[in-house]
Amino acid sequence: MSRTALRICPLCEATCGLTLTVEGTRVTGARGDRDDVFSKGFICPKGAAFGAVDGDPDRLRTPLVRRGGELREATWEEAFDAVAAGIRGVVERYGANSVGVVLGNPNVHTMAGALYPPVLLAGLGTRSVFTASTVDQMPKHVSSGLLYGDANAIPVPDLDHTDHLLLLGANPLESNGSLCTAPDFPGKLKALKARGGTLTVVDPRRTRTARLADRHIAIRPGTDALLLAAMAQVLFEEDLVDTRELAPHLQGLDELREAVRDFTPEAVAAACDVDASLTRTLARELAAAPTAAVYGRIGSCTVPHGTLASWLVDVLTILTGNLDRPGGALFPQAATDRTPRPAGPSHGFALGRWHSRVSQHPEAKGELPLSALAEEIDTVTGEGEPIRALIAVAANPVLSAPDGDRLDKALGSLDFMVSVDPYLNETSRHAHVVLPPPPPSQSPHHDFAFNTLAVRNQVRYTRPAVPLEPGRMAETEILARLVLAATGMHGADPSAVDDLVVGQTLGKAVKETHSPVHGRDPQELAALLQGDTGPERRLDMMLRLGPYGDGFGVRPDGLSLTKLLAHPHGIDLGPLTSRLPQPLKTRSGKVELLPGPIADDLPRLREALRQRAEGLVLIGRRHLRSNNSWMHNVPALTGGTNRCTLHIHPEDAEELRLADGQLVGIKGAGGAVTAPVEITDTVRRGVVSLPHGWGHDRPGTRLRHAAQDPGVNVNQLLDGTLLDPLSGNAVLNGVPVELIASP
């Protein structure tokens with residue numbers, strides 16, 4: 001007999017509400033939840049395939065422990081005994097920094113991934129931390145940290161109200177949006193046009209989003225920062241700067257004017273391949289629009305000047321008076337944000353507090369570049385010990401980081417490795433212990449990270465749609481036990497991790513004068529927490545202390561877990577509103593328009609005015625039915641257009657004598673791969689495109705469907721040396737490649 005259950009989709013950043021059809025313990029269908037306060041019934045192919053993702057027969061069901069060189073099924077007790085012995089042994093012999101931690105993209109899509117890794121890192125005390133952010137959005141974190149003093153204070157475009165939207169390196173019709181949580185992003189863009197607004201897309205490819213636009217500009221890859229700097233120069237030169245109500249909150253406007261003086265439209269035209277008159281038109285239209293927003297994503301982040309491009313996205317928004325303004329770009333206020341503190345000067349944001357051991361890469365936001373992971377393992381020279389043990393949580397860096405072949409070999413040399421992963425994939429196959437979390441239907445869900453990036457303030461929580469199967473362990477318990485095993489507390493009750501966090505958080509809150517619980521007894525407050533599990537008690541605590549919370553009884557109408565559970569489709573908290581100066585945490589208490597690290601990096605951008613890549617350059621692309629390397633083992637989400645082919649312009653193909661479907665060798669600094677040609681005029685001349693996340697052809701994995709059509713790993717074309725110096729982000733787009741036709 002079937003029943004229905006609600007679930008927030010964890011398969012991309014749109015966080016749509018789903019109504020699942022469940023037969024026994026199996027999810028047999030998924031449709032959009034029409035009553036969801038945020039997504040209102042929208043669903044994409046990934047959400048519709050939730051049941052297939054959830055029920056993938058290749059998902060691991062029990063832990064694996066390496067014995068005699070082979071991974072064999074083991075009990076949970078045996079697995080965590082092995083973790084404790086392996087990790088603690090390395091720490092005791094070589095120190096905390098000899099243990100590396102890699103956190104993959106799926107961590108931000110699960111409740112457990114948000115709550116426990118910070119505790120793990122604090123307990124280990126290692127500085128060898130790597131995440132998917134440095135092959136994705138770290139430039140935006142760094143630019144936000146430098147501008148606003150908080151690396152997580154990322155303004156998002158007010159899609160529902162803006163009159164003019166400029167998109168760079170973003171394809172939300174296929175990605176569903178990123179660093180901008182917006183269910184039905186395509187519908188919002190169509191609504192923008194229907195109300196008479198303007199959509200401009202800057203992208204080397206004529207993507208589905210570009211085809212919807214009023215204007216598509218096929219820029220040369222990697223030159224976004226130059227185009228944006230030229231637009232800022234036009235705003236100053238033509239006296240179009242109007243910061244409106246922002247003026248009292250800004251510092252460095254005159255210095256900014258001088259800093260962009262050299263980047264005239266004429267100066268950048270050749271490098272960008274964008275006519276100077278068009279650049280001036282873009283700047284004038286942005287300034288003239290009643291409201292406007294600028295949005296740059298992965299195509300403008302994973303380039304040599306990713307942080308400068310991310311900074312200039314916000315600079316243009318500021319210079320036109322559209323930051324912190326309805327219809328412009330605003331700072332979301334999530335229900336689990338910390339209690340808002342009074343506005344004023346704060347500690348600011350710093351880069352390079354420590355450096356990587358081998359290449360001396362500066363940390364950013366507490367992380368080292370994922371590109372440097374292999375050398376931190378396999379290079380003995382340099383100060384300190386190499387990484388000898390690795391904890392990988394929902395991470396597959398063999399496919400997501402540059403030069404996977406080198407990393408593949410490096411992982412095989414580790415003294416110990418533990419992977420928390422539902423699959424035996426290209427990375428977890430090297431682990432000494434694999435800890436498999438249950439399918440998403442058996443886990444609770446609340447979006448901690450994505451609600452801080454949402455285009456409308458709201459809060460939703462769904463309990464598990466299906467009971468935990470016998471023999472499974474909740475992902476929250478897996479990570480709690482991992483914390484205990486890795487930090488010398490193996491054998492303690494996993495509830496001790498949640499109790500520790502609750503005690504520390506409430507102990508700090510009662511000492512803060514702006515907190516609703518100032519002066520109260522933290523133990524008394526802890527006793528008031530509601531929830532069936534430790535994670536639920538922590539969620540209740542965060543909701544009650546947060547900006548909409550009940551303050552533990554201070555505001556009776558405020559949020560708590562009990563109130564949220566009474567609203568299974570979520571609670572709407574209203575549109576984004578102006579919040580400055582409260583979000584600012586800079587030392588000046590203002591938006592610092594020209595921070596020192598940005599000013600120091602501008603000469604490198606000036607050098608780019610004289611640079612122009614010869615030959616072909618490579619860019620990536622996304623598919624609507626894919627999310628990095630996660631979903632290629634699900635038949636419903638592969639095939640059709642979701643294929644690993646090399647897109648090339650017809651004229652380039654003709655010049656190289658390539659035919660559609662022909663296999664071609666693609667050579668880069670990190671190696672070579674072979675892929676079938678797909679001739680299309682959706683890419684500009686001089687550009688080829690290969691999607692990210694493929695390459696499922698390594699032995700020792702258990703991904704049967706993915707292995708049937710493995711594709712190739714685009715990141716193998718990179719050697720890991722090309723980084724944006726401010727953020728440590730890998731340069732994945734606009735890199736030179738050579739094509740070699742197969743005989």
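Modeller: A disulfide is a pair of cysteine sulfur atoms within 2.5 Å. This is a predicted model, where local features need pLDDT of at least 70, side-chain atom pairs count only at pLDDT 80 or more, and totals for chains, interfaces and linings use all residues. Residues are numbered from 1 along each chain as its sequence is written, and side-chain values use heavy atoms, with hydrogens and water left out.

Colleague: How many disulfides does a search of the whole structure find?

Modeller: Zero. Take Cys180: the nearest cysteine sulfur belongs to Cys12, 12 Å away, and Cys180 is in no disulfide.

Colleague: Is Cys180 buried or exposed?

Modeller: Buried means under 20% relative accessible area, exposed over 50%, and partly exposed in between (1.4 Å probe, protein chains only). Cys180 has 0% relative accessibility, so it counts as buried.

Colleague: Now backbone angles. What sign of phi should I expect?

Modeller: Most residues other than glycine have a negative phi, and most peptide bonds are trans. Leu179 isn't a glycine, yet its phi is positive, about 55°. Arg657 also has a positive phi, near 60°.

Colleague: Where are Leu179 and Arg657 found?

Modeller: Helices (H or I, at least four residues) and strands (E, at least two) are DSSP runs, numbered from the N terminus. Leu179 sits in the loop between α7 (172-175) and α8 (185-194), and Arg657 in the one between α25 (650-655) and β23 (663-668). Leu179 is buried at 9% relative accessibility, whereas Arg657 is exposed at 74%.

Colleague: And which residues does a cis peptide bond join?

Modeller: Leu580 and Pro581, with omega about 10°. Pro581 lies in the loop between β19 (571-575) and β20 (591-592).
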